[in-house]
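Here is a short tour for anyone meeting this protein for the first time. Have a look at the model below, then read on.

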Amino acid sequence: MARQGASGAGAGARKRSDRKAGPKADGRTERGAGRRAEPLAEPVGGGLAELVPDRERPHAWTLTLDGAPQSHVDLDDPTFLSFEYQRRIGHIADLVAPPGQPLHVVHLGGGAFTLARYIAATRPRSTQQIVEVDAALVQLVRRELPLDPQARIRVRATDARAGLGKIQDGWADLVIADVFSGARTPAHLTSTEFLAEVRRVLKPGGSYVANLADGPPLTHLRGQIATAATVFPELALAADPTVWRGRRFGNAVLLASDLPLKVAELTRRVATDPHPGRVEHGRALADFTGGAPPVNDADAKPSPPPPPSAFG
């Protein structure tokens, strides 16, 4: 989920076309090929999904769910990451291993498969698993924004935590959590027990990345950092300065590992983004939690709902 206006995505529609989408030689529809410039709305398990054409990039689309922006995809250039939080996760994916080295990646939450497409393009021969509970959304994205058939990407339509439980110990180099239900992260994906399962799936030295959303007074964000600190010894958090200062609701990207992080390079990249952010780690990040207690399954709650102004 991303705050509208901060992503750079073209969320408006072009003039509607009367042409019908038809199959192409490679199996893509004209909408999937980016040739039909009209939005598509379709009910899915999580609400009303809409694919909106990007006014500036002819083969790009924004996926929204009940009006909340979820993903942006450029079918011509899957390395283009429009949403600021996805760009920050892309930086992390670039830094977890030498350039071009294939990775084993688990994506909890599918959206439009933006980050899986990015990793497939930047790290060919990577093997990826997407776990997305909304089977109807998976079908919509597969049909309208098809994946490269050569990419090694498997999609499972099941609950994120249940799907994670089916992955073998020490399989993943990277686990990316970007799960929202009704614009809120489900409670069972916020606990120490959940993160222990993430660590089980990671290889030694593997990395966990989570897209978190919160607003003032940042209680959820502080609690998630405290929770991750009970499972992983190394943490960093990237966010817009206004989010850090508790001035608005927004996204923050949490990075965790059992080995030292490339904080200096991540900080440089985040600071030079079109929407510059700030990275904190170590003592400054621990102080930011303000003594917040870790979250356990027994007391876990969903992330807070965004205010009505968050997407408009």
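Before we get to the pocket, a word on sorting residues: Ala, Val, Leu, Ile, Met, Phe, Trp, Tyr, Cys and Pro count as nonpolar, while Asp, Glu, Lys and Arg are charged and the others, Gly among them, are polar. With that sorting, the lining of the largest pocket splits into 18 nonpolar, 14 polar and 4 charged residues. Keep in mind that what you're looking at is a predicted model.

So what is the overall picture? The protein has 9 helices and 12 strands. Of its 312 residues, 56% are buried. Take the contacts between residues at least 6 apart in sequence: 69% of them join residues at least 24 apart.

**The two spaces**

Back to that largest pocket, which has a volume of about 490 Å³. It is lined by 36 residues, and G109, G110, E132, D178 and F180 are the closest to its centre. Plenty of elements chip in: strand 3, strand 4 (68–74), helix 1 (84–95), strand 5 (104–108), helix 2 and strand 6 (127–131) each give at least two lining residues. Helix 2 supplies the largest share, with 3 residues.

There are enclosed spaces too: searching the whole structure turns up 2 cavities of 30 Å³ or more. The largest cavity has a volume of about 120 Å³. Among its 16 lining residues, those closest to the centre are T185, L189, Y208, A210 and L212. Helix 5 (192–201), strand 9 (202–214) and helix 6 (219–229) are the elements that give two or more residues to this lining, and strand 9 gives the most, with 4 residues.

Here are the two spaces next to each other:

| Space | Volume | Nonpolar | Polar | Charged |
|---|---|---|---|---|
| Largest pocket | about 490 Å³ | 18 residues | 14 residues | 4 residues |
| Largest cavity | about 120 Å³ | 9 residues | 6 residues | 1 residue |

**Helix 3 and its buried side**

Now for helix 3, which runs over residues 135–144 and has L137, V138, L140, V141 and E144 buried. These residues cover an arc of only 165 degrees around the axis, so they sit on the same side of helix 3. There's a general rule behind this sort of pattern: an α-helix has 3.6 residues a turn, so residues three or four places apart point the same way.

What covers the buried residues of helix 3? The cover includes strand 1 (40–44), strand 2 (47–53), strand 3 (60–65), helix 2 (114–122) and strand 7 (152–156). At the N-terminal end, helix 3 is capped by D134, which has a side-chain oxygen 3.3 Å from the backbone nitrogen of A136.

**Two residues to look up**

Is Q224 buried or exposed? Q224, found in helix 6, is buried, because its relative accessible area is 7%, below the 20% cut-off for buried residues. Setting aside neighbours within four places in sequence, Q224 touches L189, T190, L212, L254 and V295. L189 and L212 also turned up among the residues closest to the centre of the largest cavity.

K262 is another story. You'll find K262 in the loop between strand 11 (250–257) and helix 8 (263–271). K262 counts as exposed because its relative accessible area is 52%, and the cut-off for exposed is over 50%. K262 and L95 are 167 residues apart along the chain, yet their C-alpha atoms are separated by 7.2 Å. A polar atom of the K262 side chain lies 3.2 Å from the backbone oxygen of L95.

Terms used. Residues numbered from 1 in each chain as written. Predicted model: local features only at pLDDT ≥ 70, side-chain atom pairs only at ≥ 80, totals over all residues. Heavy atoms only, no water. Buried < 20%, exposed > 50% of the residue type's maximum accessible area, 1.4 Å probe, protein only. Arc of directions from axis to C-beta. Contact = heavy atoms within 4.5 Å. Polar contact = N/O pair within 3.5 Å; in protein donor to acceptor, adjacent residues only side chain to side chain. 1 Å grid on protein atoms, 1.4 Å probe; cavity = no way out; pocket = protein on both sides within 12 Å on 5 of 7 lines; lining within 4 Å. Points joined across faces, edges and corners; volume = space filled by probe spheres on them.
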